[in-house]
Amino acid sequence: MAKKSQTKTLTDDAIIAMYMDYVLEHESVPKSIYKFCKSNEIKEEDFYKFFGSVEGVQIAIWEKFYTNTYNLMVSNKEYETYSNKDKMLTFYFSMFELLTMNRSYVLFTLKEHTSVLKNLAQLKGLRAQIKSFATTLINEGNTDKNYKLTKKNPKIFSEGAWVQFLFLLKFWMEDTSAGFEKTDVAIEKSVNTVFDVFENTPLESLIDFGKFLYKENFA
């Protein structure tokens with residue numbers, strides 16, 4: 001009876017929680033869906049109702065990180081009054097706060113393989129989400145511009161936002177400061193720089209950000 005009850009209440013979130021716990025407890029990825037399901041006392045056929053593979057679960061976890069971050073942001077009634085720069089800042093601060101809550105899992109899964117590309121493969125769903133978010137921001141900004149020459153390219157901006165996220169992710173992974181306060185500084189400086197570049201006033205921010213990177217990487 002217990003197993004039947006568990007089957008009825010099984011959700012994608014429940015499987016994700018089981019998977020993350022499994023990885024942290026065993027310090028390894030499940031060798032097969034069979035072993036994963038057996039250890040969690042769920043039917044293999046029920047697993048496949050939600051995911052087709054371990055890789056599918058890994059991708060979904062990062063997509064959930066984004067969805068939870070976004071839903072938290074928009075639940076704030078003041079969010080819609082923010083400037084696009086403040087919306088981006090809010091997104092990064094919220095995202096890395098959530099990642100910090102799951103830091104042990106994130107560090108493990110992004111260092112699982114010796115190949116960086118293999119580790120980043122699980123982020124492909126997140127990449128699409130972040131690029132879509134950035135595209136929305138730039139399109140909103142373009143509605144206020146009357147001339148074509150002053151409008152910004154959403155494709156370039158969205159790709160830049162993804163590269164920026166990867167930079168911040170690597171910075172956060174290597175950050176040993178209390179409360180990851182250096183990551184907060186990196187977020188603020190990088191976002192300010194990107195928006196200054198898009199407003200054609202990059203020099204001061206680029207110099208400031210460059211000094212920060214130099215200090216953190218070579219001091």
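Reader: In which loop is the place of E27?

Author: This is a predicted model, and in it E27 has a positive phi of about 55° although it is not a glycine. That residue comes just after α2, and its place is in the loop between α2 and α3.

Reader: Is E27 buried or exposed?

Author: A residue counts as exposed when its relative accessible area is over 50%. E27 has a relative accessibility of 65%, and therefore it counts as exposed.

Reader: Is F180, which also has a positive phi, buried or exposed?

Author: Phi of F180 is near 55°, a positive value in a residue other than glycine, and the place of F180 is in the loop between α10 and α11. The cut-off for a buried residue is under 20% relative accessible area. Because the relative accessibility of F180 is 18%, F180 counts as buried.

Reader: How many helices and how many strands does the secondary structure of the chain come to?

Author: Read from the N terminus on, the elements run α-α-α-α-α-α-α-α-α-α-α-α. The secondary structure therefore comes to 12 helices and zero strands, where helices and strands are runs assigned by DSSP.

Reader: What share of the residues of the chain counts as buried?

Author: The chain has 219 residues. Taking buried to mean under 20% relative accessible area, the share of the chain that counts as buried is 39%.

Reader: Among contacts in the chain between residues at least 6 apart in sequence, what percentage join residues at least 24 apart?

Author: Contact here means heavy atoms within 4.5 Å. Among contacts between residues at least 6 apart in sequence, the part that joins residues at least 24 apart is 66%.

Reader: How far apart are the end C-alpha atoms of helix α5, and why does that agree with what is expected?

Author: Helix α5 covers residues 54-74, which makes 21 residues. At 1.5 Å a residue, these should span 30 Å, because the expected span is 1.5 Å times one less than the number of residues. The distance between the end C-alpha atoms agrees with that expectation, and it is 31 Å.

Reader: What distance does α2 reach from its first C-alpha to its last?

Author: Helix α2 has 15 residues, and the expected value at 1.5 Å a residue is 21 Å. Among the buried residues of α2 are I15, M18 and Y22. From its first C-alpha to its last, α2 reaches 21 Å.

Reader: Which residues have the most contacts inside the largest nonpolar core?

Author: The largest nonpolar core has 56 residues, and the elements that give two or more residues to this core include α2, α5, α6 and α10. The largest share of this core, nine residues, comes from α10. Inside the core, the residues with the most contacts are M88 and Y92.

Reader: Which residues is Y92 in contact with, leaving aside its neighbours within four places in sequence?

Author: Several of the partners of Y92 can be found in α10, where A161, Q164, F165 and L168 are among the buried residues. Leaving aside its neighbours within four places in sequence, Y92 is in contact with A161, Q164, F165, L168, I187 and V191.

Reader: Which element supplies the largest share of the lining of the largest pocket?

Author: The largest pocket has a volume of about 240 Å³, and the residues of its lining divide into six nonpolar, one polar and three charged. Helices α8 and α10 each supply at least two residues of the lining. The largest share, five residues, comes from α10.

Reader: Which residues is K111 in contact with, leaving aside its neighbours within four places in sequence?

Author: K111 lies in the loop between α7 and α8, and it is one of the residues that line the largest pocket. At 56% relative accessibility, K111 counts as exposed. Leaving aside its neighbours within four places in sequence, K111 is in contact with N119 and M173.

Reader: How far apart in space are E140 and N84, C-alpha to C-alpha?

Author: The place of E140 is in helix α9, and E140 is partly exposed, with a relative accessible area of 31%. Leaving aside its neighbours within four places in sequence, E140 is in contact with N84 and K87. E140 and N84 are 56 residues apart in sequence, while in space, C-alpha to C-alpha, their distance is 8.1 Å.

Definitions and conventions
Residues are numbered from 1 along each chain as its sequence is written. This is a predicted model: local features need pLDDT of at least 70, side-chain atom pairs count only at pLDDT 80 or more; totals for chains, interfaces and linings use all residues. Side-chain values use heavy atoms; hydrogens and water are left out. Helices (H or I, at least four residues) and strands (E, at least two) are DSSP runs, numbered from the N terminus. On a 1 Å grid over the protein atoms alone, a cavity is a set of points where a 1.4 Å probe fits but cannot get out, and a pocket is an open set with protein on both sides within 12 Å along at least five of seven lines; lining residues have an atom within 4 Å of a point. Grid points are joined across faces, edges and corners, and a volume is the space filled by probe spheres set on the points. Ala, Val, Leu, Ile, Met, Phe, Trp, Tyr, Cys and Pro count as nonpolar, Asp, Glu, Lys and Arg as charged, and the others, Gly among them, as polar. A nonpolar core is a set of buried Ala, Val, Leu, Ile, Met, Phe, Trp, Tyr and Cys residues joined through side-chain atoms within 4.5 Å. Buried means under 20% relative accessible area, exposed over 50%, partly exposed in between (1.4 Å probe, protein chains only).
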